[in-house]
Amino acid sequence: MITGATQLAAVIGAPVRHSRSPAIHNAGFAAAGLDWVYVALEVAPGRGAEAVRAASTLGLRGLSVTMPHKADAAAACDELTPAAAALESVNTVVVRDDGSLLGDSTDGEGFLRSLADAGLDPAGRTVLLLGAGGAARAVAAALVGRGATVEVAVRRLEAGDALAAAVPGVRATDWPTIGVAAAEIVVNATPIGMGDDPDLPVEPAPDQWVVDLVYHPLETPLLRRARAVGASTVGGLGMLVHQAALAFEQWTGVPAPLDAMRAAATTEPD
Ligand code: NAP
């Protein structure tokens, strides 16, 4: 039951009504026995900073931030974690007891935890990362931080150069010239294969790890092909659940009930 004592967290974005975050977090609060509730708030482009500051005024305990507000949220926070500062992007805001705002970026660590669940340690491995958007940037930083060698495949070299400048150590390559088979790990950080899209971003090789950030559908055309040729696979759901769990733990101070959160992420329609 929602009472005057119920604590509030929310996701801001535009569009945000399709988000799985309310289902994931509310399942987590219920499983942990917390009197908390999580809602989705549609915030118009350009008003993200205002919304982040309002979270403190209104006494929200935490915010998730999604497109197009991640950079504005970073600018609006009082302090950033090293991951958020390096990326100038915030997907999690913690409202501290004194009302100050700490911004974090949990996508990269969530990604690494999803690999660890599958028994994959990227340290010392060669990674071909497809795409240079927001998710690719967080993943590239996490992989380089873990000691992987990262090549980013881009269809616009200026986007690749921007990523390489933001994440030192990454090399950007024009998409048509990439050598897929040479990489030990291939990560799809483009929307190719999302929804009803039947396309494969690349042709996987048998001895590779193939990781897809896309989680709708759970088994993308790329993952299906990878399994068919004998490659090892990791889907995008684990990253989605782990980045949420990292936010949950920062807000509440209690361990995230991962199984309940994963089940909610799987059953909630997009
Ligand atoms: P984004 O910022 O829009 O970036 C998309 C990237 O993909 C851009 O570099 C874009 O290139 C490239 N791209 C798009 N279509 C392409 C094509 N046909 N060929 C080559 N490159 C193409 O999106 P994002 O936020 O990074 O998200 C990327 C994907 O990751 C989405 O499917 C999203 O659902 C998924 N994701 C999953 C999680 C998770 O927790 N599992 C978290 C975040 C994102 P241009 O710049 O040239 O357009």
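Which polar backbone atom lies 2.8 Å from an oxygen atom of the ligand? In this predicted model, that atom belongs to alanine 135. The protein covers 73% of the 920 Å² of accessible area that the ligand has on its own. Two further polar pairs can be picked out around the ligand: a polar side-chain atom of arginine 155 sits 2.9 Å from a ligand oxygen, and a polar backbone atom of leucine 213 is 2.9 Å from a ligand nitrogen.

Looking at the surroundings as a whole, 19 residues are found around the ligand, and the nearest of them are Ala132, Ala135, Arg155, Arg156 and Gly236. By class, this shell comprises 12 nonpolar, five polar and two charged residues. Helix H6 (134-145) and helix H9 (237-252) each contribute at least two residues to the shell.

Turning to the interior, the largest nonpolar core holds 28 residues, and Phe111, Leu129, Leu143 and Val187 make the most contacts inside it. Elements giving two or more residues to this core include helix H5 (107-117), strand S7 (126-130), H6 and strand S10 (185-188). H6 provides the largest share, five residues. Helix H6 thus appears in both settings, with residues in the ligand shell and in this core.

Leucine 129 offers a helpful close-up: beyond its neighbours up to four places away in sequence, this residue touches Ala136, Val139, Ala140, Val150, Glu151, Val152, Ala153, Val187 and Ala189. Apart from the largest core lies another, of 21 residues, with Phe29, Tyr38, Val94 and Ala256 among them.

How values were computed
Residues are numbered from 1 along each chain as its sequence is written. This is a predicted model: local features need pLDDT of at least 70, side-chain atom pairs count only at pLDDT 80 or more; totals for chains, interfaces and linings use all residues. Side-chain values use heavy atoms; hydrogens and water are left out. A residue is near a molecule or strand if one of its heavy atoms lies within 4 Å of it. A polar contact is a pair of N or O atoms within 3.5 Å; within protein, one must be able to donate a hydrogen and the other to accept it, and residues adjacent in sequence count only if both atoms are side-chain atoms. Accessible areas come from the Shrake-Rupley method with a 1.4 Å probe; for residues, only the protein chains shown count as cover. Helices (H or I, at least four residues) and strands (E, at least two) are DSSP runs, numbered from the N terminus. Ala, Val, Leu, Ile, Met, Phe, Trp, Tyr, Cys and Pro count as nonpolar, Asp, Glu, Lys and Arg as charged, and the others, Gly among them, as polar. A nonpolar core is a set of buried Ala, Val, Leu, Ile, Met, Phe, Trp, Tyr and Cys residues joined through side-chain atoms within 4.5 Å. Buried means under 20% relative accessible area, exposed over 50%, partly exposed in between (1.4 Å probe, protein chains only). Contact means heavy atoms within 4.5 Å.
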